[in-house]
Amino acid sequence: MLESVSPSSPVKKRRIDIASDNSTNSASGSSSSSDVHMASGNSNGQQEIDEDLHSRQLAVYGRETMRRLFASNVLISGMHGLGAEIAKNLILAGVKSVTLHDEKVVELWDLSSNFVFSEDDIGKNRADASVLKLQDLNNAVVVSSLTTCLTKEHLSRFQVVVFSDISLEKAIEFDDYCHSHQPPISFVKADVRGLFGSVFCDFGPEFAVLDVDGEEPHTGIIASISNESQAFVSCVDDERLEFEDGDLVVFSEVEGMTELNDGKPRKIKSSRPYSFTLEEDTTGYGTYVKGGIVTQVKQPKLLSFKTLREALTDPGDFLFSDFSKFDRPPLLHLAFQALDRFSSEACRLPVAGSEEDAQQLISIAASINAGQQGDLKVENVDHKLLRSFSFGARAVLNPMAAMFGGIVGQEVVKACSGKFHPLFQFFYFDSVESLPSEPLDSSDVAPRNSRYDAQISVFGAKFQKKLEDARVFTVGSGALGCEFLKNMALMGVSCGNQGKLTVTDDDIIEKSNLSRQFLFRDWNIGQAKSTVAASAAAAINPKFKVEALQNRVGAETENVFDDAFWENLTVVVNALDNVNARLYVDSRCLYFQKPLLESGTLGAKCNTQMVIPHLTENYGASRDPPEKQAPMCTVHSFPHNIDHCLTWARSEFEGLLEKTPAEVNAYLSSPVEYTNSMMSAGDAQARETLERIVECLDKEKCENFQDCLNWARLRFEDYFVNRVKQLIYTFPEDAATSTGAPFWSAPKRFPRPLQYSSSDPSLLNFITATAILRAETFGIPVPEWTKNPKEAAEAVDSVIVPDFEPRKDAKIVTDEKATSLTTASVDDATVINDLIAKLERCRHNLSPDFRMKPVQFEKDDDTNYHMDVISGLANMRARNYSIPEVDKLKAKFIAGRIIPAIATSTAMATGLVCLELYKVLDGGHKVEAYRNTFANLALPLFSMAEPVPPKVVKHRDMAWTVWDRWVLKGNPTLREVLQWLEDKGLNAYSISCGSCLLFNSMFPRHKERMDKKVVDLARDIAKVELPPYRHHLDVVVACEDQDDNDVDIPLVSIYFR
């Protein structure tokens, strides 16, 4: 047991069964008895992962990485703001235990950056004060505190140790011990000093990275392979190959040249978008016939880390984040050493605003630099930068803590699991651009006996007032939103008399949110996200003025978020998870000229974009290309990967269990109106819909559970036997296209019908699950015997399955451009009338109150059988086409369109955005000071760049951008608007409001409108509704200059009130 360890609150029983040996530190997965250190956590033993809780994290890490995490014990020393952020991210991730070490007590100063402290904690030990609140984040993690002096012997209990507040001398001593320990203990040292930060990692002399980037292995579908000394392999042009020269690949399913199917990794070169060369002589191999899949083999990578003692004088390549600061890392490497020496000599850190302390630090830095050799010696020591470094050295700022908490948390996960490439070995970062644009007076940075004193020491009290009086709109309170609310509460944003933060989110809390949306607890499940998040953030800082709404932001809620609301804002912070909502908010910010801080995450990746009025382009100015969609005929008849199978499975699930029952209910609720609308449509889609309803209420209507089982068994036969027999009857294996080429050539895969057997549990489970959901749609109770595989098998085997004969006239769509599988017929109207007559007969046989219960797909409930049916449908189809099957979890990721998400990248993104928020609220920064960021913590990669400025349109002596809006007040007439434009040298030939034309110079009658008010024209012609809260309307004007050249002018706002 550790000395002076305070156990956390009682830990609830968790679903994860961890190996009982708490102190084990043996490397897991080692290839032999050698000293290769693959991953610190011991993943031996049975461990059950709570997939409901960790589904988004599992999509990033996978099961094996999670098991390694669950077996890892981590020490975090230094519980100021950075330590708390690191601990939060690791506890959410679900390591086995986190021990918090600190010998210091909580000060008022700490409240500026540490979200677990309150004023009641002042005077308590920082580690002890952190335990209970951090334990609440995840009761499956053992959280404890250590409050005595740390010794090397303590370290042997852990797989990873993190120090965020330690002298360089002590860090070197501890790292030497960790590096030489058997097996090595991964060591991380992190520092945040004002707007400067550093990270150092040492994972031992030999550390194996099991997966360097976390991406799925790339694959290709082979089209041909040559017989030559270095074989040329070409692939179908369905998708570009993502291989690189030197990659290892394996082949499978190759016909003819079967020698390549031995599973042996082979090296490639000369990689092209659809081909590559194999470094192998295939002249003696069989001749390639057809088929084949080539798959990248991901190789472990061995890294040899230097100790901190060695790396200080031989740091190697620094990890860059901003190439406009190419010379910055060596200077910061020097600055942090100088700060350590200053602290050792003065027994304190430099005082904010003290020129004497700053000069002393600069002198120490110059002295250290004089003794440096080679590339490590800094040619020009930037005194101004070191002065800023000295002034902020005592402060831990929340945005910096959030950003570095994400980075360091991810490095700990890497150390525990071998998943992703570690930071190797130094990373330095600064955001001096965030400082106020005007110089600070030393009196402005003096302490005020305030919880914001640490931040005031860097930014000054005047700037703190700007933060407190900000009026902020945060859109979304999920993972990003929770982090933003926490950050802004700690920063004091919207905490003043004039300040207010409005947060809105129409979603409710689900269990899967709890692994990263850290303001929520399990007892909040089912409650409104925004309300809970706002309440939790207000608990962090009682002065936080936050209002929670549950409205979706869109055109339909412009009565809530009206003109006055937008005009009153200081800044908008997006925390959204979909592009359409982002585009709408962007359009509102563009219209009202409000700064928009945009961010997003995808697994270990994150990006931030600053949208600043008149300085940068808007969010909608650049768009990602749309995701490539598989052709409909591929999904329905010619799948060649599991994604196709799952897309089809999701579509069939929704059609059978949601859409058809919903159509039945629509018909039964209003039979006359429904049938009239179908007759009016009179097309193939209406015919198909009616056929499904008739089937559901006639020959496929279920009265008891055995009927449901019969239906499910016959569905299996239809999907996986009969349809395949029909397909290969229409297109036999030797079929040819109209050009004479083989029909079944890559990427098409020739299918085989399945044969049902109750002895195959996957088939039985699929049919039982399908029957249970069918019973749910009819309101039929499910008997207990369905849980007994033997009784269920007997019931399924009793179903009479009719013989099937393929039809000669069957039509199967093969056109990749086709958008519908239903073909129109001249008889559609007649057939529709017959179907309606059948429906009427069916309806008279039903009780008046009969309704079906549509089943809406819900991916996050493992007890509802939804994913059992979808994964069963997909895997049976995959079996038809010899496509590798997937487990239910993988099926959930793809069919449920789950976005991979982890706490670390979320924390980093929000930290970066809040560093930009300082600049926005200051209001005096130029575009060069702002930064957009793309980061990938898996690699790790940080890429920061200035935002792109908006496109400028010029006319005469005027210039404008997308940010400009021309305003015309006084409720003008049409004539006055045209004259106003003519005075600018512009001839308006068309004015429209919405989709209606108010004026066009080509229409003589429009001249009669010249003396009418524009607002009256909008009401009378465009039928625009102008509620009391609306003071203006917008018109789009098409103009020409004097030379008849079109000129794109801004939107024109006509004020009528």
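Reader: Where is Asn449 found in this predicted model, and what makes Asn449 count as exposed?

Author: In this predicted model, Asn449 is found in the loop between β16 (426-430) and α12 (453-459). Its relative accessible area is 67%, and exposed means over 50%, so Asn449 is called exposed. The phi of Asn449 is near 55°, which is a positive value in a residue other than glycine.

Reader: Why is Lys1023 called exposed, and what is the phi of Lys1023?

Author: Lys1023 has a relative accessibility of 61%, and because the term exposed applies over 50%, Lys1023 counts as exposed. Phi of Lys1023 is near 55°, again a positive value in a residue other than glycine, and Lys1023 lies in the loop between α30 (1014-1020) and β30 (1032-1040).

Reader: Which residue does UniProt list for "active site", and why is that residue, Cys633, called buried or exposed?

Author: The UniProt record, an unreviewed entry, lists Cys633 for "active site", and in the model Cys633 is found in helix α18 (residues 632-637). The relative accessible area of Cys633 is 2%, and buried means under 20%, so Cys633 is called buried.

Reader: What makes the contact between Arg63 and Asp887 a salt bridge?

Author: The side chains of Arg63 and Asp887 meet at 2.7 Å, N to O, and because a salt bridge calls for a side-chain nitrogen of Lys or Arg within 4 Å of a carboxyl oxygen of Asp or Glu, the pair is counted as a salt bridge. The pair links distant parts of the chain, with Arg63 in helix α2 (residues 63-70) and Asp887 in the loop between α26 (866-880) and α27 (888-895), 824 residues apart. At 28% relative accessibility Arg63 counts as partly exposed, and at 37% Asp887 counts as partly exposed, because partly exposed is the term for values between the limits of 20% and 50%.

Reader: How do you know that Lys466 and Asp922 form a salt bridge, and are these residues buried or exposed?

Author: The closest N and O atoms of Lys466 and Asp922 are 3.9 Å apart, and since the limit is within 4 Å, the pair is accepted as a salt bridge. The two residues are 456 residues apart, and the bridge links distant parts of the chain, Lys466 being in helix α13 (residues 461-468) and Asp922 in helix α28 (residues 903-922). Lys466 is partly exposed, with a relative accessible area of 39%, whereas Asp922, with 11%, falls under the 20% limit and is therefore buried.

Reader: What joins Asp102, Lys104, Asp110, Arg126 and Asp165 into one network, and how far apart are the closest N and O atoms of Arg126 and Asp102?

Author: These five names, Asp102, Lys104, Asp110, Arg126 and Asp165, are joined into one network by salt bridges that share partners. For Arg126 and Asp102 the closest N and O atoms are 2.9 Å apart, with Arg126 in helix α4 (residues 126-135) and Asp102 in the loop between β3 (97-101) and α4, 24 residues apart. Arg126 is buried, and so is Asp102. The structure as a whole holds 62 salt bridges.

Reader: Which residues form the negative surface patch, and why can Glu279 belong to a patch?

Author: The negative patch is formed by Glu239, Glu242, Glu244, Asp245, Glu279 and Asp643. Glu279, found in the loop between β13 (275-278) and β14 (293-297), has 41% relative accessibility and so counts as partly exposed; because patch residues need over 30% relative accessible area, Glu279 meets that requirement.

Reader: Which residues form a nonpolar patch on the surface, and why is Leu939 called partly exposed?

Author: Phe934, Leu939 and Leu941 form this nonpolar patch, with about 230 Å² of accessible area together. Leu939 lies in the loop between β23 (932-936) and β24 (941-945), and its relative accessible area of 35% is in between the limits of 20% and 50%, so Leu939 is called partly exposed.

Note on methods:
Residues are numbered from 1 along each chain as its sequence is written. This is a predicted model: local features need pLDDT of at least 70, side-chain atom pairs count only at pLDDT 80 or more; totals for chains, interfaces and linings use all residues. Side-chain values use heavy atoms; hydrogens and water are left out. Patches are made of residues with over 30% relative accessible area and no salt bridge: like charges are joined within 9 Å, nonpolar side chains (Val, Leu, Ile, Met, Phe, Trp, Tyr) within 5 Å. Accessible areas come from the Shrake-Rupley method with a 1.4 Å probe; for residues, only the protein chains shown count as cover. Lys and Arg count as positive and Asp and Glu as negative; His and the chain ends are not counted. The place of a charge is taken as NZ of Lys, CZ of Arg, CG of Asp or CD of Glu. Helices (H or I, at least four residues) and strands (E, at least two) are DSSP runs, numbered from the N terminus. Buried means under 20% relative accessible area, exposed over 50%, partly exposed in between (1.4 Å probe, protein chains only). UniProt positions are given in the numbering used here, feature names are shortened, and annotations may be inferred rather than shown by experiment.
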